[in-house]
Amino acid sequence: MAANPQNPAASAPRRKVSRHRGEGQWAAGHFTPLNGNEQVKKDDDGLNVRTRIETIYSKRGFDSIDPSDLRGRMRWWGLYTQRRPGIDGGKTAILEPEELDDSYFMLRVRIDGGALTTRQLRVIGEISQEFARGTADITDRQNVQYHWIRIEDVPEIWNRLEGVGLSTVTACGDTPRVMIGSPVAGIAEDEIIDATPALEEMKRRVLNNPAYSNLPRKFKTAISGSPLLDVVHEINDVAFVGVRHPEHGPGFDVWVGGGLSTNPKLGVRLGAWVPLDEVPDVYEGVISIFRDYGYRRLRNRARLKFLVADWGAEKFRQVLEDEYLGRALTDGPAPEQPVQRWRDHIGVHRQRDGRFYVGFAPRVGRVDGATLTKVADLAEAHGSGRVRTTVEQKMIILDVEEGQVDSLVDGLEALDLTARPSSFRRGTMACTGIEFCKLAIVETKQRGAQLIDELERRLPEFDEPITINLNGCPNACARIQVADIGLKGQLVLDDQGEQVEGYQVHLGGALGLEAGFGRKVRGLKVTSEELPDYIERVLGRYLAGREDGERFAAWTARASEEELS
């Protein structure tokens, strides 16, 4: 064949042309599953697995569980298999799932808005002691996670949780996960607007609803009317942030497309102001866009943040208005920057009704069932029976009379739950880590607790706000990219050339105040054993080299690599 000078490709060898399958978007007519996860969801709604758990698996035991349920649909009810003990981090990415699986489960209890009664907290504590070997970690999304759960016990655990109004439904899976909210909604003196009615209506519409039980991936939601911006709104799929419109008064600014993991993106504003009673409609519209237009071909591109990045905020808002709401949204202002550098509500604070709330800090979210029941006792003795969890792995007791504050603080101290924590205890969080997580490479919870103790000993006068986030793998469950010091677990070489547990270091990330991702210094990795030495060294350089009032994150942006190493 002669070459075609007008079309060089015409002279190239012919290739088989396959029909373009797009990104698997339902709105584009692509309903044929393009990967195994999508096939599993098409074969059976994950919500339906509950019946099999109750009638078959809990009666016949772990070995009776269908693999598609075990590693797929059971997540729709908050269940993940946990890591088999004794498997080191070097084997995490090598072994098959069945080799990593233990016959026990992690079970996640969703606590929307972090809101609990003492009766609910006591039941959580009792379940922990009876069925979970005492485990009951507080997560950075206001949930509680159990470990060592047997499939035989799950129906009874559900009965007890649901008996007090709690649930594990869609706590995991490709679903609307827990809706995080301000833990002081409706009580804080400085609150712009109480988001509680909207959150409750959002839950009513989407939880346990088959219309939203097959999303491309997980869907994370945040809503808060606090001026402290206390729900990490920048890293959620959708967030509603309290603002005051100059003409319409208090309402919410809408953000979409945030998320971390291995491809982090900060959410973007739609530029829309939404009144309280319209928030559920907008929420349902956003989640529906994700369901219909979200990418389903590749799991690593199936989060809403990729669609938002491709479309941009203007197109996303237009589709929301035209196809899902049928009306235009009102333009509105951006939230103001918070004046406080800590946003965790730790300490003693006056409520709008004249009483007080007391925020206190466990170590990296690690508590146990016996401790939680004692917290319930303290809350009943000193407050009205209302407790909250926070997005910083902390807790709050509400409605404390002024004369009861000191007694409550002393009672918490006796449980090693201080309301007057050091900066290190206040600002350190850790994911589950290799102890239970099948994705993890290194240990985190114990390492974080030890790090707090060591830094308190070495730097007793350090009182600057500082966040130190430890993650056992690259997936960023502990928000490493937006911490002052983010530590991503991996195997590193020590001085003897041996492979040991360690961390890649991210420096200078932030949310709220000048939100942005941390800086990675080329080749900066530390072993777990070297971690206290490294953090002591870099904080010492910060104290010596900072300008007046300069935050750690701002200092790291201008510091040399030598100063940061």
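Here are some short exercises on this predicted model, each with a worked solution.

Residues count from 1 along each chain as its sequence is written. Local features need pLDDT of at least 70, side-chain atom pairs count only at pLDDT 80 or more, totals for chains, interfaces and linings use all residues, and side-chain values rest on heavy atoms, with hydrogens and water left out.

**Exercise 1. Which strand pairs with β12, and in which sense?**

Start with the elements themselves: helices (H or I, at least four residues) and strands (E, at least two) are DSSP runs, numbered from the N terminus. Two strands pair if DSSP finds at least two bridges between them. Now look at β12 (residues 347-350): four bridges tie it to β13 (residues 356-360), and the two run antiparallel. To fix the register, find Gly-347, which sits opposite Gly-359 in β13. Finish with the link: β12 and β13 make a hairpin with five residues between them, and Gly-354 in that turn has a positive phi of about 95°.

**Exercise 2. Place His-349 and work out what it is in contact with.**

First, His-349 belongs to strand β12. Its relative accessibility is 25%, so it counts as partly exposed (buried is under 20% relative accessible area, exposed over 50%, partly exposed in between, using a 1.4 Å probe and protein chains only). Next, skip neighbours within four places in sequence: His-349 then has contacts (heavy atoms within 4.5 Å) with Arg-355, Phe-356 and Tyr-357. The His-349 side chain also reaches the backbone oxygen of Ile-346 at 2.8 Å. Last, go further along the chain: Ala-188 is 161 residues away from His-349 in sequence, yet their C-alpha atoms are 8.4 Å apart.

**Exercise 3. Which residues have a positive phi although they are not glycines?**

Take Thr-170, with a phi of about 45°. You'll find Thr-170 in the loop between α6 (154-163) and β6 (176-181), and it is buried at 2% relative accessible area. Then take His-345, with a phi of about 65°. His-345 lies in the loop between β11 (330-331) and β12, and at 5% relative accessibility it is buried too.

**Exercise 4. Is helix α9 mostly covered or mostly open, and what surrounds it?**

Count along α9 (residues 304-311): six of its eight residues are buried, so "mostly covered" is the call. The buried ones are Leu-304, Lys-305, Phe-306, Leu-307, Val-308 and Trp-311. Their cover includes strands β7 (219-224), β9 (249-256) and β10 (268-274), plus helices α8 (279-293) and α10 (313-325). Right after α9 comes Gly-312, with a positive phi near 85°.

**Exercise 5. What is the strand order of the open four-stranded sheet, and which strands stand at its edges?**

The order reads β1-β2-β5-β4, with antiparallel pairing. β1 (79-83) and β4 (137-138) are at the edges, each with a single partner strand, so one side of each has no neighbour in the sheet. Check one pair: β1 joins β2 (residues 101-109) over four antiparallel bridges. Within that pair, Thr-81 has Phe-105 in β2 as its bridge partner.

Methods. A polar contact is a pair of N or O atoms within 3.5 Å; within protein, one must be able to donate a hydrogen and the other to accept it, and residues adjacent in sequence count only if both atoms are side-chain atoms.
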